[in-house]
Amino acid sequence: MSSPLWNYTTPGIPDDLFERLPGIPLSKREVRLLIISALRLESHSLLWDIGAGTGTIAVETGLLSPHGKIVAVERDEEVANLIQRNCDRFGVENVDVIEGSAPECLQDLPGKPHRACIEGGRPIKDILKAVWHYLEPQGRIVATASNLESLYTLSEGLAELQARNIEVVQSSINRLETRGTHQIFAAVNPMFILSGEKLDS
Ligand SMILES: C[S@@+](CC[C@H](N)C(=O)[O-])C[C@H]1O[C@@H](n2cnc3c(N)ncnc32)[C@H](O)[C@@H]1O
C-alpha cells in the first residue's frame, strides 16, 4: 500500500507535491500558511476561494477543516481541472470546483460564505465588493496583493466597506538554495496579505 502524500494534521504542504501547469501561479508554502492563518477557519466554515489557481489553498483548507466546505472559483477551464486533480491527489472531498469568472459567477454559487480568500482577478475592487455583499455577518475576507497598486486598491476597498479589524501583513521569506558552489538565501516574492471582518458597527 502506498503511503499518503500528506498525512499530517498541520498545513504546509511542500510546493513540489502539487501538480503544476506551466505559468499557473501557486501560493508558496510559507505565504499560504499566513493566508490560512488569517482566514481563521471555524469547523463548519463555508470558504469561497476566488481565483483558486493551482488549488493549494483549497487543498490545504479542505484537509484542515474536514467538516467545512470550500468552493474554489477559477475562470480558466484547464486550471479548474488542475484544481480538481490536486484535490484528488490529496484525497480532498469537501471542495467544489466551479469554473467561472468573478464577480459575475458569484450570484450562482450556493450558500453564503463565512470566509473568503481572494487571490486574483480584475477589477479587484469589484470582486472584493461583490464577495463582501455575499459574506455572512461575522465573516472574514482575506485578499492578497503582490504590487503597490493592488495593495492600495484592496486597502481602499476594505475601508470603503467599513471592514473591521483590518490587518495588513507583508511576507518576507528567504529559502536556502544551492547556487553553484554556494548556498544562498533566495527571496520568495513578498506578498501583502490583507484581512478584514464584517461586523455590526
Ligand atoms: C495567483 S493565482 C491563485 C493561486 C492559488 N491561491 C494557489 O495557491 O493555487 C490566481 C488565479 O486566479 C484566476 N483568476 C483571475 N481572475 C479571475 C476571475 N475574475 N475569476 C476567477 N478566477 C480568476 C487566474 O486564472 C489564476 O489561476
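**Helix packing around α4 and α1**

Tyrosine 134 has its place in helix α4, in what is a predicted model. This tyrosine counts as partly exposed, because 16 C-beta neighbours lie inside 10 Å and a residue needs 20 or more to be buried. Setting aside the neighbours within four places in sequence, tyrosine 134 is in contact with Leu106, Lys112 and Pro113. Glutamine 107 and tyrosine 134 are 27 residues apart in sequence, and their C-alpha atoms are 8.5 Å apart in space.

Isoleucine 127 also has its place in helix α4. With 25 other C-beta atoms within 10 Å, isoleucine 127 is buried. Once its neighbours within four places in sequence are left aside, the contacts of isoleucine 127 are Ile50, Ala102, Pro103, Ile118 and Gly121. Glycine 180 offers a view across the model: 53 residues separate it from isoleucine 127 in sequence, and the C-alpha to C-alpha distance is 44 Å.

It helps to view these residues in the setting of their helix. Helix α4 comprises residues 124–134, and within it Ile127, Leu128, Val131 and Trp132 are buried. These four residues cover an arc of only 135 degrees around the axis, and so they sit on the same side of α4. The elements that cover the buried residues of α4 include the strands β1 (46–50), β4 (115–118) and β5 (140–145) as well as helix α5 (148–160).

The pairing of α4 with α5 can be described in some detail. The axes of the two helices come within 9 Å and cross at roughly 30 degrees. Angles under 35 degrees count as roughly parallel, and α4 and α5 are therefore roughly parallel to each other. The crossing in which α4 passes α5 is right-handed. On the α4 side, Ile124, Lys125, Leu128 and Lys129 take part, and they meet Ser150, Thr153, Leu154 and Gly157 of α5. Sorted by character, the residues of this contact between α4 and α5 are three nonpolar, three polar and two charged. Leu128 thus has two roles here: it is one of the buried residues of α4, and it is also among the residues that meet α5.

A second helix pair is formed by α1 (residues 29–39) and α2 (residues 56–64), whose axes come within 11 Å and cross at roughly 55 degrees. At this angle, α1 and α2 are therefore oblique to each other. As α1 passes α2, the crossing is right-handed. The residues that meet are Arg32, Ile35 and Ile36 in α1, and Thr56, Ile57, Glu60, Thr61 and Leu64 in α2. This contact of α1 with α2 divides into four nonpolar, two polar and two charged residues.

How much of α1 is buried? Eight of its eleven residues are, so the helix is largely enclosed by the rest of the structure. The buried residues are Arg29, Val31, Arg32, Leu34, Ile35, Ile36, Ala38 and Leu39. Among them are Arg32, Ile35 and Ile36, the residues with which α1 meets α2. Just after the end of α1 comes arginine 40, whose backbone takes a positive phi of about 45 degrees.

Key. Residues numbered from 1 in each chain as written. Predicted model: local features only at pLDDT ≥ 70, side-chain atom pairs only at ≥ 80, totals over all residues. Buried ≥ 20, exposed ≤ 12 C-beta atoms within 10 Å, placed from the backbone. Arc of directions from axis to C-beta. Contact = placed C-beta atoms within 7 Å. Axes fitted to C-alpha atoms, helices over the stretch in contact; angles between N-to-C directions. Parallel < 35°, antiparallel > 145°, perpendicular 65-115°, else oblique. Left-handed = near helix turned anticlockwise from the far one by under 90°. Nonpolar A, V, L, I, M, F, W, Y, C, P; charged D, E, K, R; others polar.
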